[in-house]
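User: I am new to this structure and would like to understand the reasoning behind the terms used for it. Could we go through them one at a time?

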Amino acid sequence: MGELVSTSDLGDGTRCVRGGHPEPAGGTPLLPGPVFAAPFHLGEDVQAADFYGRAGNPTWRALESAIGDLDGGQCVLLPSGMAAISTLLRAVLRPGDALILPSDGYYATRQFVRDELAELELDVREIDTPGPWHDDVFAGVRLVLLETPSNPGLDVCDIAELAERAHAVGALLAVDNTTATPLGQRPLELGADIVVASDTKALSGHSDILMGHVSVRDEELAQRLVRARTLSGSIPGPFETWLAHRSMGTLDLRLARQAENAAALVEALREHPAVSGLRWPGLPGDPSHELARRQMRRWGGVFRFELADARAVEEFVRRSELVVAATSFGGLHSTVDRRAQWGDPVPEGFVRFSAGCEDPADLVADVLQAL
């Protein structure tokens with residue numbers, strides 16, 4: 001593929017457009033196509049080049065370079081967000097370890113620990129994202145996993161403070177950065193050891209592929225993750241990887257429109273009689289706003305609110321012409337997801353709204369008429 005362009009000192013938009021691309025050369029594409037290969041031709045040093053598709057692929061490395069540049073660490077690509085979470089947990093945890101999980105974060109993470117890691121007999125401590133974070137909860141902990149802003153509640157915790165407290169007891173601190181994205185928040189710069197994300201959401205942003213990654217600051221941990229990926233066979237497909245890389249080029253633009261739409265919708269819904277429990281970190285006066293403003297670089301397009309009940313949500317979706325029901329976020333289309341149906345401990349009328357890239361005036365008008 002050739003030497004990859006470094007974009008570390010450039011702005012967000014430039015880094016998204018150029019990240020992981022090769023140095024320009026006449027007659028070559030701006031972004032090389034996906035490399036489809038199981039075996040590769042072997043050279044004299046089989047460890048110095050690609051030799052088998054489960055162990056390495058140039059298409060992975062290009063996207064890993066781009067994401068790692070945004071995160072500020074070494075990126076290991078995986079085929080989904082849950083593959084990223086599960087690979088991280090299996091690589092780090094040992095039998096009997098203590099693990100802190102967000103009690104209000106993505107439900108499948110807790111379910112994976114409970115169902116798939118039961119044989120490790122972990123000491124699992126579930127804490128609400130905003131705390132309280134008492135000192136005794138950190139005693140003997142191996143890994144602290146945060147999710148901030150949390151999904152679906154959009155609460156926020158102090159990454160820098162909790163990283164310092166975790167490190168004081170010898171623990172690693174990981175942050176699920178899916179909701180914020182690497183443009184909205186850089187946990188590694190705030191003291192975290194690990195960033196994990198579902199790139200199915202905003203980073204790829206077109207609701208058509210699954211992808212995930214883990215970025216770390218420690219080379220040895222990065223190699224452990226690569227080894228775990230290779231031995232488990234939990235590898236991303238080259239074409240999906242290429243699609244994610246191509247889509248990442250517009251991440252800066254998409255996030256800007258999604259945040260603009262979220263701001264307009266939140267403002268329109270603040271006093272609406274049918275709406276309660278409206279939360280968005282970008283809203284002045286939100287319980288998370290001041291902390292989020294200090295540690296986040298920009299706002300996203302995801303907010304939450306409550307309608308009267310499940311029937312009210314169903315009617316809202318039926319009446320809307322632009323908003324669809326879907327259980328993901330960060331895509332081009334505006335979506336609502338009634339989270340109680342998936343087992344989150346929230347009211348029946350609780351919805352996570354993902355503002356898409358529609359025209360702001362059209363979206364506000366549609367949402368108001370649908371309510």
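User: Which residue in β4 is the bridge partner of Ala98?

Analyst: In this predicted model, Ala98 has Val141 as its bridge partner in β4. This belongs to the pairing of strand β2 (residues 98–102) with β4, which run parallel and are joined by three bridges.

User: What makes β4 and β5 count as paired strands?

Analyst: Two strands pair if there are at least two bridges between them, and β4 and β5 (residues 172–176) have five bridges, in the parallel sense, so the requirement of at least two is met. Within β5, Leu173 is the residue that stands opposite Val144. Between β4 and β5 the chain passes through helix α5 (residues 159–168), and this β-α-β crossover is right-handed.

User: Why is strand β4 described as largely enclosed by the rest of the structure?

Analyst: The strand covers residues 141–147, and six of its seven residues are buried, so β4 is largely enclosed by the rest of the structure.

User: How do you know that Thr181 is buried, and what is notable about its phi?

Analyst: Buried means under 20% relative accessible area, and Thr181 has a relative accessibility of 4%, so it counts as buried. Its phi is near 70°, a positive value in a residue other than glycine, and Thr181 lies in helix α6 (residues 181–184).

User: Why is Ser207 called exposed?

Analyst: The word exposed applies over 50% relative accessible area, and Ser207 has 59%, so the term fits. Ser207 also has a positive phi, near 60°, in a residue other than glycine, and it is found in the loop between β6 (194–198) and β7 (212–216).

User: Why are the buried residues of helix α12 said to be on the same side of it?

Analyst: The residues in question are Pro360, Leu363, Val364, Asp366, Val367 and Ala370, which are buried in α12 (residues 360–370). Because they cover an arc of only 165° around the axis, they are on the same side of α12. The buried residues of α12 pack against α9 (251–269), α11 (310–319) and β12 (350–354). At the start of the helix, a side-chain oxygen of Asp359 comes to within 3.0 Å of the backbone nitrogen of Ala361.

User: Which residues have the most contacts inside the largest nonpolar core, and where does its largest share come from?

Analyst: The largest nonpolar core has 28 residues, and Leu89, Leu143, Ile194 and Val214 are those with the most contacts inside it. Helix α3 (residues 81–92) supplies the largest share, seven residues. Leaving aside neighbours within four places in sequence, Leu89 is in contact with Leu99, Phe112, Val113, Leu117 and Leu143. There is also a second, separate core of 25 residues, which includes Leu265, Val275, Val302 and Phe305. As a general matter, nonpolar side chains tend to be buried together in soluble globular proteins.

User: Where are the cis peptide bonds that involve Pro132 and Pro149, and what are their omega values?

Analyst: The bond joining Gly131 and Pro132 is cis, with omega about 10°, and Pro132 has its place in the loop between β3 (123–127) and β4. The peptide bond from Thr148 to Pro149 is also cis, with omega near -5°, and Pro149 is found in the loop between β4 and α5.

Terms used
Residues are numbered from 1 along each chain as its sequence is written. This is a predicted model: local features need pLDDT of at least 70, side-chain atom pairs count only at pLDDT 80 or more; totals for chains, interfaces and linings use all residues. Side-chain values use heavy atoms; hydrogens and water are left out. Buried means under 20% relative accessible area, exposed over 50%, partly exposed in between (1.4 Å probe, protein chains only). Helices (H or I, at least four residues) and strands (E, at least two) are DSSP runs, numbered from the N terminus. The arc is that of the directions from the helix axis to the C-beta atoms. Contact means heavy atoms within 4.5 Å. A polar contact is a pair of N or O atoms within 3.5 Å; within protein, one must be able to donate a hydrogen and the other to accept it, and residues adjacent in sequence count only if both atoms are side-chain atoms. A crossover is right-handed if, with the strands pointing away from the viewer, the path from the first strand over the helix to the second runs clockwise. A nonpolar core is a set of buried Ala, Val, Leu, Ile, Met, Phe, Trp, Tyr and Cys residues joined through side-chain atoms within 4.5 Å.
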